[in-house]
Amino acid sequence: MGNAVQQVDVEVQSESQGLEAIQKQVLDLKAQLDSLSKNVAEDKLSMIVFSGDLDKVLAAFIIATGATAMGMDVVMFFTFWGTPVLRDKGKSAGGKDMMGKMFGTMLPKGVGGVKLSQMNMGGMGTMMMKSLMKKKNVASPEQLIEMAGELGVRIFICEMSMDLMGFKHEEMIDYPNLTYCGVAKFLEEAQNSKVQLFI
Amino acid sequence: MEAIKADKTLDLKGLPCPMPVVKVSKGIKEVEIDQVIEAVTSDPGSLADFPAWAKTSGNEILKTEQEDGVIRFFIKRKA
């Protein structure tokens, strides 16, 4: 009789040990799943807009707006020569040092001031391209930026470029989804994006 | 072949890339699921773009017609 009780005890004990082991395994698996799902790429496009040329900016916004139509989440990071593209023609900022003033004068003030990367021919090429685009009904960069805003494209501007070129936040365009950031923010977004582009 | 009845028509003629795809993705949200929109474009690029968009967005192109430089898509909203 005593023996039988002992045996049942042992069985219960080993059963509960088995349960514990399974529980532990389940928890381990859950943790693995969590870390895996964190690293799964989303239907997202992360784009760096490094260039400040009319043709490249145009391409960047066409891809961005097209991607939203494809149901993708879109983030654009403007850095270096891409930064002045997002200045607002009608705004100005004071309190700049000499270098800041110089950059401010020499770099395009907004997307209306950018030039073609090739065949600019002292501005004549850019002018011709713009009139051709109008004739062919191609959306202007201004229109594309506005559309991108409506479609929920998020724009990030590199704070370091802003600082380097002496641009102030108050002279940038009004855009519904504009944030200033550093490289880590881009990498965070790029890491889980299926598509990444550098333009 | 029986004619497809569209619940909504989008005139996208004269619009180049990326407008046809952008507008059709907006326009399809204006009908209910399983309803059909008719999208009319004059952009030859949309012959490749519309199927790509439909596949990615999970909608179905029922029929594509081409006539005198005008392309007519009948698209069923599925998603």
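This is a short chat about a predicted model with chains A and B.

Q: What kind of model is this, and which pLDDT limits apply?
A: It is predicted: local features need pLDDT of at least 70, side-chain atom pairs count only at pLDDT 80 or more, and totals for chains, interfaces and linings use all residues. Residues are numbered from 1 along each chain as its sequence is written, with chains lettered from A and ligands numbered from 1 in the order in which they are written.

Q: Start with chain B. How many helices and strands?
A: Two helices and four strands. Both are DSSP runs numbered from the N terminus: helices are H or I, at least four residues, and strands are E, at least two.

Q: In what order do they run?
A: From the N terminus, chain B goes β-α-β-α-β-β.

Q: What is the radius of gyration, and what would a compact globule have?
A: Chain B has 11 Å, which agrees with the value near 12 Å for a compact globule of 79 residues. The radius is taken over C-alpha atoms, and the globule rule is 2.2 Å times the number of residues to the power 0.38.

Q: And how much of chain B is buried?
A: Buried residues are 33% of its 79. Buried means 20 or more other C-beta atoms within 10 Å of the residue's own, with C-beta atoms placed from the backbone.

Q: Switching to chain A. What is the strand order in the sheet?
A: The sheet is open, with five strands in the order β4-β3-β2-β1-β5 and parallel pairing. Two strands pair if DSSP finds at least two bridges between them.

Q: Which strands stand at the edges?
A: β4 (178–181) and β5 (193–198) of chain A. Each has a single partner strand, so one side of each lacks a neighbour in the sheet.

Q: How many bridges join β1(A) to β5(A)?
A: Five, and the two strands run parallel. In this pair, A:Ser46 stands opposite A:Gln196 of β5(A).

Q: What does helix α2 of chain A touch on the sheet?
A: Helix α2 (residues 54–69) touches β1, β2 (73–78) and β5 of chain A, and its direction makes about 165° with that of β1(A). Axes are lines fitted to C-alpha atoms, for helices over the stretch in contact; angles run from 0 to 180 degrees between N-to-C directions.

Q: Last topic, the interface. How many residues does each chain bring to the contact?
A: Eleven from chain A and twelve from chain B. Contact means C-beta atoms, placed from the backbone, within 7 Å.

Q: Which element of chain A gives the most?
A: α2(A), with four residues on the side that touches chain B.

Notes: A residue is buried if 20 or more other C-beta atoms lie within 10 Å of its own, exposed if 12 or fewer, and partly exposed in between; C-beta atoms are placed from the backbone. Two residues are in contact if their C-beta atoms, placed from the backbone, lie within 7 Å.
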